[in-house]
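Student: Could you take me through one part of this structure up close? I'd like to hear about the aromatic rings and whatever helps to place them.

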Amino acid sequence: MRSKILTQSGFTLIEMIVSLALFSVVVTVAVGALLMLVGTNEDLQGEQSVMTNLSFVLDSMTREIRTGTRYYCLSSDNFNTFIPGGSLEGLGENTRDCENGSNNSVRFHGVAFIEAGNSITGASASRIMYFYDRTQQQLFRQVGNSAPQSIVSTGLAIIDANMFVTGSEAVNIADTTPNTTQPTVTIHIEAIDLLDTGPDPKSYFVQTTVTQRALDI
(Lines give C-alpha, C1' and ligand atoms only; values in the text may rest on other atoms or scores of the structure.)
Protein backbone atom coordinates (compact mmCIF):
# COMPACT_ATOMS: atom_id res chain seq x y z
CA MET A 1 0.00 0.00 0.00
CA ARG A 2 1.29 3.35 -0.98
CA SER A 3 0.81 6.25 1.53
CA LYS A 4 0.23 9.83 0.52
CA ILE A 5 2.47 12.50 1.97
CA LEU A 6 0.47 15.55 3.04
CA THR A 7 2.18 18.90 2.61
CA GLN A 8 1.11 22.23 4.10
CA SER A 9 1.80 25.51 2.40
CA GLY A 10 2.49 28.73 4.40
CA PHE A 11 3.81 32.28 4.13
CA THR A 12 7.34 32.74 3.07
CA LEU A 13 9.70 34.94 5.06
CA ILE A 14 9.53 37.66 2.45
CA GLU A 15 5.71 37.68 2.55
CA MET A 16 5.78 37.99 6.36
CA ILE A 17 8.21 40.91 6.19
CA VAL A 18 6.08 42.71 3.58
CA SER A 19 2.91 42.13 5.64
CA LEU A 20 4.49 43.49 8.80
CA ALA A 21 5.76 46.52 6.91
CA LEU A 22 2.29 47.29 5.52
CA PHE A 23 0.72 46.76 8.94
CA SER A 24 3.23 49.15 10.53
CA VAL A 25 2.45 51.83 7.94
CA VAL A 26 -1.31 51.50 8.49
CA VAL A 27 -0.94 51.63 12.29
CA THR A 28 1.37 54.65 12.12
CA VAL A 29 -1.08 56.57 9.90
CA ALA A 30 -4.05 55.59 12.08
CA VAL A 31 -2.32 56.62 15.33
CA GLY A 32 -1.20 59.92 13.77
CA ALA A 33 -4.75 60.67 12.65
CA LEU A 34 -6.08 59.77 16.11
CA LEU A 35 -3.57 62.06 17.84
CA MET A 36 -4.48 64.85 15.45
CA LEU A 37 -8.18 64.41 16.24
CA VAL A 38 -7.46 64.44 19.97
CA GLY A 39 -5.40 67.64 19.65
CA THR A 40 -8.07 69.32 17.50
CA ASN A 41 -10.75 68.34 19.99
CA GLU A 42 -8.76 69.87 22.85
CA ASP A 43 -8.28 73.09 20.86
CA LEU A 44 -12.00 73.28 20.09
CA GLN A 45 -12.89 72.70 23.74
CA GLY A 46 -10.51 75.49 24.74
CA GLU A 47 -12.03 77.85 22.19
CA GLN A 48 -15.54 76.93 23.30
CA SER A 49 -14.61 77.62 26.92
CA VAL A 50 -13.21 81.06 26.01
CA MET A 51 -16.23 82.02 23.91
CA THR A 52 -18.64 80.79 26.58
CA ASN A 53 -16.85 82.94 29.16
CA LEU A 54 -16.88 86.00 26.90
CA SER A 55 -20.54 85.44 26.05
CA PHE A 56 -21.37 85.34 29.76
CA VAL A 57 -19.46 88.59 30.32
CA LEU A 58 -21.26 90.33 27.45
CA ASP A 59 -24.64 89.00 28.54
CA SER A 60 -24.11 90.24 32.10
CA MET A 61 -23.10 93.69 30.90
CA THR A 62 -25.76 94.14 28.24
CA ARG A 63 -28.60 92.94 30.47
CA GLU A 64 -27.96 95.68 33.03
CA ILE A 65 -26.91 98.41 30.61
CA ARG A 66 -29.97 97.90 28.40
CA THR A 67 -32.38 98.51 31.26
CA GLY A 68 -30.31 101.37 32.72
CA THR A 69 -30.45 105.10 32.01
CA ARG A 70 -28.15 108.15 32.20
CA TYR A 71 -25.08 106.63 30.58
CA TYR A 72 -21.83 108.31 31.61
CA CYS A 73 -18.57 107.44 29.86
CA LEU A 74 -15.40 107.59 32.01
CA SER A 75 -11.69 107.43 31.10
CA SER A 76 -8.61 108.12 33.15
CA ASP A 77 -5.08 106.90 33.80
CA ASN A 78 -5.46 107.38 37.56
CA PHE A 79 -8.11 105.49 39.50
CA ASN A 80 -8.33 108.27 42.12
CA THR A 81 -9.58 110.63 39.41
CA PHE A 82 -11.33 107.98 37.35
CA ILE A 83 -14.68 108.76 39.00
CA PRO A 84 -15.32 112.51 39.36
CA GLY A 85 -15.58 113.29 43.06
CA GLY A 86 -14.61 109.71 43.93
CA SER A 87 -18.22 108.52 44.00
CA LEU A 88 -20.43 106.95 41.36
CA GLU A 89 -23.44 108.36 43.16
CA GLY A 90 -21.86 111.81 42.76
CA LEU A 91 -22.51 111.62 39.03
CA GLY A 92 -26.19 112.11 39.76
CA GLU A 93 -28.29 112.63 36.65
CA ASN A 94 -25.29 113.63 34.52
CA THR A 95 -24.62 111.99 31.16
CA ARG A 96 -21.61 111.95 28.87
CA ASP A 97 -20.97 110.46 25.44
CA CYS A 98 -17.71 109.08 24.08
CA GLU A 99 -18.35 108.39 20.42
CA ASN A 100 -14.67 107.59 19.80
CA GLY A 101 -14.20 105.39 22.86
CA SER A 102 -11.02 105.87 24.86
CA ASN A 103 -7.38 106.43 24.06
CA ASN A 104 -5.52 103.10 24.00
CA SER A 105 -2.93 104.49 26.41
CA VAL A 106 -5.52 105.21 29.12
CA ARG A 107 -5.52 102.60 31.87
CA PHE A 108 -9.16 102.81 32.97
CA HIS A 109 -12.18 103.09 30.72
CA GLY A 110 -15.82 102.35 31.46
CA VAL A 111 -19.46 103.32 31.41
CA ALA A 112 -21.65 104.12 34.42
CA PHE A 113 -25.43 104.15 34.41
CA ILE A 114 -28.41 104.34 36.73
CA GLU A 115 -30.02 100.95 37.17
CA ALA A 116 -33.70 100.41 36.49
CA GLY A 117 -35.46 100.08 39.85
CA ASN A 118 -33.72 98.61 42.87
CA SER A 119 -33.88 94.90 42.16
CA ILE A 120 -30.11 94.53 41.74
CA THR A 121 -28.42 96.71 44.31
CA GLY A 122 -31.31 97.20 46.72
CA ALA A 123 -30.93 100.97 46.50
CA SER A 124 -33.19 103.01 44.26
CA ALA A 125 -31.47 104.82 41.35
CA SER A 126 -28.04 103.47 42.30
CA ARG A 127 -25.14 103.86 39.88
CA ILE A 128 -23.49 100.77 38.36
CA MET A 129 -20.25 100.86 36.38
CA TYR A 130 -18.47 98.41 34.11
CA PHE A 131 -14.87 99.29 33.40
CA TYR A 132 -11.66 97.88 31.94
CA ASP A 133 -8.31 97.96 33.72
CA ARG A 134 -5.62 97.79 31.04
CA THR A 135 -2.84 97.01 33.55
CA GLN A 136 -4.62 94.07 35.18
CA GLN A 137 -6.19 93.06 31.85
CA GLN A 138 -9.54 92.50 33.50
CA LEU A 139 -13.11 93.78 33.30
CA PHE A 140 -14.75 94.92 36.54
CA ARG A 141 -18.24 95.69 37.82
CA GLN A 142 -18.72 98.26 40.57
CA VAL A 143 -21.95 99.14 42.34
CA GLY A 144 -22.10 102.55 44.00
CA ASN A 145 -19.05 103.05 46.19
CA SER A 146 -18.46 99.36 46.87
CA ALA A 147 -15.25 97.60 45.84
CA PRO A 148 -15.11 96.60 42.16
CA GLN A 149 -15.41 92.89 41.32
CA SER A 150 -13.87 91.12 38.34
CA ILE A 151 -16.39 89.57 35.96
CA VAL A 152 -13.85 87.62 33.89
CA SER A 153 -12.56 84.10 34.52
CA THR A 154 -8.99 83.80 35.78
CA GLY A 155 -8.15 81.78 32.68
CA LEU A 156 -8.68 84.78 30.42
CA ALA A 157 -6.71 87.96 29.82
CA ILE A 158 -8.52 90.93 28.30
CA ILE A 159 -6.04 92.43 25.84
CA ASP A 160 -8.30 95.33 24.91
CA ALA A 161 -11.78 96.56 25.74
CA ASN A 162 -13.53 99.71 24.64
CA MET A 163 -16.96 101.20 25.15
CA PHE A 164 -18.53 103.77 22.85
CA VAL A 165 -21.47 105.81 24.18
CA THR A 166 -23.71 107.83 21.87
CA GLY A 167 -27.01 109.64 22.23
CA SER A 168 -26.98 109.96 26.02
CA GLU A 169 -26.28 113.69 26.16
CA ALA A 170 -29.21 116.04 25.79
CA VAL A 171 -29.31 118.38 22.81
CA ASN A 172 -28.06 121.89 23.59
CA ILE A 173 -30.97 124.20 24.37
CA ALA A 174 -29.74 126.60 21.68
CA ASP A 175 -29.95 123.84 19.09
CA THR A 176 -33.39 123.74 17.49
CA THR A 177 -32.75 120.30 15.97
CA PRO A 178 -34.78 117.67 17.87
CA ASN A 179 -32.93 114.83 19.59
CA THR A 180 -33.90 111.71 17.69
CA THR A 181 -30.96 109.52 18.76
CA GLN A 182 -31.71 106.76 21.23
CA PRO A 183 -28.82 106.24 23.73
CA THR A 184 -26.60 103.30 22.79
CA VAL A 185 -23.46 101.64 24.15
CA THR A 186 -21.16 99.65 21.87
CA ILE A 187 -18.81 97.21 23.61
CA HIS A 188 -15.72 95.70 21.96
CA ILE A 189 -13.58 93.09 23.74
CA GLU A 190 -10.40 91.29 22.71
CA ALA A 191 -9.17 88.39 24.87
CA ILE A 192 -6.64 85.56 24.89
CA ASP A 193 -6.63 82.20 26.65
CA LEU A 194 -3.93 82.11 29.33
CA LEU A 195 -3.76 78.33 28.94
CA ASP A 196 -2.59 78.79 25.36
CA THR A 197 1.17 78.56 25.82
CA GLY A 198 2.00 78.78 22.14
CA PRO A 199 4.36 81.45 20.77
CA ASP A 200 1.44 83.31 19.18
CA PRO A 201 -1.74 82.91 21.30
CA LYS A 202 -4.99 83.22 19.39
CA SER A 203 -7.03 86.37 19.98
CA TYR A 204 -10.80 86.20 20.45
CA PHE A 205 -13.02 89.14 19.53
CA VAL A 206 -16.59 89.86 20.62
CA GLN A 207 -18.66 92.97 20.07
CA THR A 208 -22.22 94.06 20.69
CA THR A 209 -24.32 97.22 20.66
CA VAL A 210 -26.80 97.87 23.46
CA THR A 211 -29.72 100.26 22.98
CA GLN A 212 -31.37 101.79 26.02
CA ARG A 213 -34.74 100.12 26.48
CA ALA A 214 -36.46 103.17 27.94
CA LEU A 215 -37.45 105.60 25.19
CA ASP A 216 -35.28 108.74 25.30
CA ILE A 217 -35.54 110.71 22.05
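Tutor: Sure, let's start with the layout. Going from the N terminus, the chain's elements run α-β-α-β-β-β-β-β-β-β, which comes to two helices and eight strands; helices here are DSSP runs of H or I with at least four residues, strands are E runs of at least two, and both are numbered from the N terminus. Keep in mind that this is a predicted model, where local features need pLDDT of at least 70, side-chain atom pairs count only at pLDDT 80 or more, and totals for chains, interfaces and linings use all residues. Numbering starts from 1 along each chain as its sequence is written, and side-chain values use heavy atoms, with hydrogens and water left out.

Now the rings. A search of the whole structure turns up eight aromatic pairs, meaning rings of Phe, Tyr and Trp (its six-membered ring) with centres within 6.5 Å; planes under 30 degrees apart are stacked, over 60 edge-to-face, and the rest tilted. One of them is Phe108 with Phe131, an edge-to-face pair at 6.3 Å centre to centre and 65° between the planes. That pair ties together distant parts of the chain: Phe108 sits in strand 2 (residues 108-114) and Phe131 in strand 3 (residues 127-133), 23 residues apart. Phe131 also pairs with Phe140, this time stacked, with 5.3 Å between centres and 20° between planes.

How exposed are these three? Phe108 is buried at 4% relative accessible area, Phe131 is buried at 2%, and Phe140 is buried at 10%; buried means under 20%, exposed over 50%, and partly exposed in between (1.4 Å probe, protein chains only). Zoom out a little and Phe79, Phe82, Phe108, Phe131 and Phe140 make up one aromatic cluster.

While you're in this region, have a look at the disulfide. Cys73 is joined to Cys98 with an S to S distance of 2.1 Å, where the rule asks for cysteine sulfur atoms within 2.5 Å, and the count by that rule is one. This link, too, spans distant parts of the chain: Cys73 is in strand 1 (residues 69-76) and Cys98 in the loop between helix 2 (79-82) and strand 2, 25 residues apart. The link of Cys73 and Cys98 is right-handed, with 85° about the S-S bond, and both cysteines are buried.

For the whole chain, 35% of its 217 residues count as buried.
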